[in-house]
Amino acid sequence: MRLLLVEDDPMIGESVRAGLQQDGFALDWVQDGRAAELALQTNQYDLLLLDLGLPRKGGLDVLAALRRRGDAIAVLILTARDAVTDRVKGLDTGADDYLVKPFDLEELAARIRALLRRQSGRADPVIKIGNLSINPATHEVSLDAEPVALSAREFALIHALAARPGVVLSRAQLEEKLYGWGHEVESNTVEVYIHSLRRKLGADAIQNVRGVGYVMPKPS
Ligand code: CA
């Protein structure tokens, strides 16, 4: 899953980036409101982490513009302001959740997982597709109740596909879910991971839609 972090405090930004990358998220980080708008218009993100007090354009203005143009991305506000009115205003402007700084990175990751699962229409924290189950919190994967060991990238890829079974994701979209900015992506990386996932999870777990991309079929 690929996230955009908008945060002008370098210490908070660095710790959030390190923590979430450790958790297997691809994360891009910008430090002002205008850079956030540019990033949102040029990349596809699964979730936005948005500070409110930002240079060049405030977080509330970024959020309002986002919702005005019909963007439904999940938004979690990160704010040092502990005034109730700011939080209410953020939620009423279209945010889905908020955290008041200083916050715990584990709580941030848990809130992100909750928003992502609601966004994909699930309430169960464990994704179950046929005989496969995927736990985004623990990164545990099992097939027919037997644990399957996956690398961090393999997990990120199967998680992206399993979050929306039946939806085809192109190679470029999958690369976006795996890598943030500044990562050199080998041209056949996605194919290599898909090959390895099929070996571990069964050849039918992921289908190739020729010329379009990859999909996890919905169980019938
Ligand atoms: Ca700030």
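The following legends accompany an overview and several close-up views of a predicted model.

**Figure 1. Overall fold of the protein chain, built from eight helices and 11 strands.** The C-alpha trace spans about 50 × 35 × 30 Å along its principal axes. The radius of gyration is 18 Å, which agrees with the value near 17 Å expected for a compact globule of 220 residues. Buried residues make up 47% of the 220 residues. Of the contacts with a sequence separation of 6 or more, 58% are between residues 24 or more positions apart.

**Figure 2. Surface and charge of the protein chain.** The accessible surface comes to about 11000 Å², and carbon and sulfur atoms contribute 49% of this area. There are 27 positive and 31 negative side chains. The centres of these two sets lie 5 Å apart.

**Figure 3. The calcium ion and its protein donors, Asp8, Asp51 and Gly53.** Asp8 and Asp51 each contribute through OD, whereas Gly53 contributes through O. The donors lie 2.1 to 2.3 Å from the calcium ion. The spacing of the donor residues in sequence is D-x42-D-x1-G. Asp8 and Gly53 link distant parts of the chain, being 45 residues apart. Asp8 belongs to the loop between strand S1 (2-6) and helix H1 (10-22), and Gly53 to the loop between strand S3 (47-51) and helix H3 (59-68). Asp8 has a relative accessible area of 29% and is therefore partly exposed. Gly53 is likewise classed as partly exposed because its relative accessibility is 33%.

**Figure 4. Surroundings of Asp28 in strand S2 (residues 26-30).** With a relative accessibility of 1%, Asp28 counts as buried, the cut-off being under 20%. Beyond residues up to four places away in sequence, Asp28 touches Arg2, Leu3, Leu4, Leu5, Tyr45, Gly180 and Trp181. Asp28 and Trp181 are separated by 153 residues in sequence, yet their C-alpha atoms are 6.0 Å apart.

**Figure 5. Surroundings of Leu76 in strand S4 (residues 74-79).** Leu76 is buried, with a relative accessibility of 0%. When neighbours within four places in sequence are left aside, its contacts include Leu48, Leu49 and Leu50. Leu76 is also in contact with Asp97, Tyr98 and Leu99. The remaining partners of Leu76 are Leu108, Arg111, Ile112 and Leu115. Glu7 is 69 residues from Leu76 in sequence, with a C-alpha to C-alpha distance of 12 Å.

**Figure 6. The cis peptide bond between Lys101 and Pro102.** The omega angle of this bond is about -5 degrees. Pro102 lies in the loop between strand S5 (97-100) and helix H5 (105-119).

**Figure 7. Positive phi at Arg56, a residue other than glycine.** The phi angle of Arg56 is about 70 degrees. Arg56 is placed in the loop between S3 and H3. Gly53, one of the calcium donors, is in the loop between strand S3 and helix H3 as well. Arg56 is exposed, its relative accessible area being 59%.

**Figure 8. Positive phi at His139, a residue other than glycine.** Phi of His139 is near 65 degrees. His139 occupies the loop between strand S7 (132-135) and strand S8 (140-143). A relative accessibility of 30% places His139 among partly exposed residues.

How values were computed. Residues are numbered from 1 along each chain as its sequence is written. This is a predicted model: local features need pLDDT of at least 70, side-chain atom pairs count only at pLDDT 80 or more; totals for chains, interfaces and linings use all residues. Side-chain values use heavy atoms; hydrogens and water are left out. Helices (H or I, at least four residues) and strands (E, at least two) are DSSP runs, numbered from the N terminus. The radius of gyration is taken over C-alpha atoms; the globule rule is 2.2 Å times the number of residues to the power 0.38. Buried means under 20% relative accessible area, exposed over 50%, partly exposed in between (1.4 Å probe, protein chains only). Contact means heavy atoms within 4.5 Å. Accessible areas come from the Shrake-Rupley method with a 1.4 Å probe; for residues, only the protein chains shown count as cover. Lys and Arg count as positive and Asp and Glu as negative; His and the chain ends are not counted. The place of a charge is taken as NZ of Lys, CZ of Arg, CG of Asp or CD of Glu. Donors are N, O and S atoms within 2.8 Å of the metal (3.2 Å for Na, K and Ca); water is not among the atoms, so sites may look incomplete.
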